[in-house]
Each structure stands twice: as C-alpha cells, then as structure tokens.
Amino acid sequence: MARKKKSRKISDIMPIRKSDKKPEAPKLSGKKLTRYELDAKAREDKKKRKHKGLVSGSRHSNAEQNKHNQVVEQKDPRIGSRKKVPLIVEFVNKPEKGMTIPVVKEPKKLAPEVELERLENNEILNELLDALDEGKTISKADQQFVDECLDRIAQLMEELGIQDEEETEDDLYRTFEKIDINQFR
C-alpha cells in the first residue's frame, strides 16, 4: 500500500471538526440555541472584535509617507526674506514705497532738581573725578565728558540758587571733631 503524506489541510477526505463549522444563523422559530451553537457564535464574535482597527504595520508605512510629505512642504523659518538688498545706498533720505519715516521726539526735559540729582549720582562721572583726584590721566573723550557734566551741574546750581560753599581748613577740622567713629563700624 502506498504511503500518503500527512497534511493539516481540511479536505473532502477528512471529517469536519466541530470547531471548523460555521455557525448557522439562529432560527427565529422560537427554538433555543444549543450549547454548541452558542459557543460557535461567541467565537465568531470574538474574531470580529479581535480584528477591529487597522492592518498590522500600517502605522509604520502610511504614517512615514505622510510625515515625509509634510516635512518637505514646510519652509525652514531660518531662511530669510527673498527681498533683494541694495549694495549701494542711493537714496538716503527717501523712504521706500508705503514706508513712512517716524518723527523723532525730543526727550522731555527733566526738572532741574531731578537732573542735578542724577548728575551728582552718576557713577561714571564719580569714577572719572576720583581718577583725576588721584592724579591719573584720562582720555580726551573722558575729559570732555567730565567738563560737560561739571558745567551742567554749575548751570543747574545757578538756576536753582544753590551756592557751592568753599570749605576752609577750619571747617574740615570742626567736621572731623564732630564725627562719631562708632557710626562707621
């Protein structure tokens, strides 16, 4: 007798198993379903529930293509405008079309008291004056700044009626005697 290769395929020769049978549509004749029919129906429902959703692997293939297309469409924000920049300035005072030149507002003049206080508390001016007192030389620009500030202070003091009192050696000696050393500890 010839030997036959065993296979797992269901064919006409092999008997049909209960699990392979398709559940029949329930009959509406008022007859109760058997335990076997209920189990088969439950298996089919389970298969349907299990296969909900997208096909496996679809999130990798379709999503990558969509993202790739979106990335290509987006423009790089670092790329500047395409407007041509003139290399030679021809019209200095002429604004471009639709552009208006804003009016430069003059800064409000401060009250003389406030301006005098700011000048007296100016750290840069104080540092330059300290350097001059020590005998150091300063640049021409710094010297000009110091002169302008001192002139402005003199004008403001004149305007406010403040007189600069010249201190004598006797005044310095009296203030030295009045100073409480414990104050500075």
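## Close-up views of a six-helix predicted model

Buried residues account for 6% of the 185 residues in the protein. Keep in mind as you look through these views that the model is predicted.

**View 1. The whole chain is built from helices, with six helices and zero strands.** Starting at the N terminus, the elements follow the order α-α-α-α-α-α. Take a moment to look at contacts between residues at least 6 apart in sequence: 35% of them join residues at least 24 apart.

**View 2. Confidence varies along the protein, from helix 2 at the lowest to helix 4 at the highest.** The average pLDDT is 77, and 65% of the residues score at least 70. Helix 2 (residues 58–73) has a mean of 59, while helix 4 (residues 123–134) reaches 92.

**View 3. Helix 3 meets helix 5 in a left-handed crossing.** Here you can follow helix 3 (residues 112–120) and helix 5 (residues 140–160), whose axes come within 10 Å and cross at roughly 145 degrees. On the helix 3 side, the residues taking part are Pro112, Glu113, Glu115, Leu116 and Leu119. Their partners in helix 5 are Cys149, Arg152, Ile153, Leu156, Met157, Glu159 and Leu160. Sorted by class, this contact has eight nonpolar, no polar and four charged residues.

**View 4. Nine residues form the largest nonpolar core.** To find this core, look for Leu116, Leu119, Leu125, Leu128, Val146, Cys149, Ile153, Leu156 and Met157. Helix 3, helix 4 and helix 5 each give at least two residues to this core. Helix 5 supplies the largest share, with five residues.

**View 5. Leu116 is a buried residue of helix 3.** Why does Leu116 count as buried? Its relative accessible area is 6%, and Leu116 is called buried because that value falls under the 20% cut-off. Leaving aside neighbours within four places in sequence, Leu116 is in contact with Ile153, Leu156, Met157, Leu160 and Ile162. Now find Cys149, which lies 33 residues from Leu116 along the chain. The C-alpha atoms of these two residues are separated by 9.9 Å.

**View 6. Val146 belongs to the largest nonpolar core.** Which residues does Val146 touch, if those up to four places away in sequence are not counted? The answer is Leu125, Leu128, Leu129, Leu132 and Ile138. Among them, Leu125 and Leu128 are also members of the core shown in View 4.

Notes. Residues numbered from 1 in each chain as written. Predicted model: local features only at pLDDT ≥ 70, side-chain atom pairs only at ≥ 80, totals over all residues. Heavy atoms only, no water. Axes fitted to C-alpha atoms, helices over the stretch in contact; angles between N-to-C directions. Helix = DSSP H or I, 4+ residues; strand = E, 2+ residues; numbered from the N terminus. Left-handed = near helix turned anticlockwise from the far one by under 90°. Contact = heavy atoms within 4.5 Å. Nonpolar A, V, L, I, M, F, W, Y, C, P; charged D, E, K, R; others polar. pLDDT = per-residue confidence, 0-100. Core = buried A, V, L, I, M, F, W, Y, C linked by side-chain atoms within 4.5 Å. Buried < 20%, exposed > 50% of the residue type's maximum accessible area, 1.4 Å probe, protein only.
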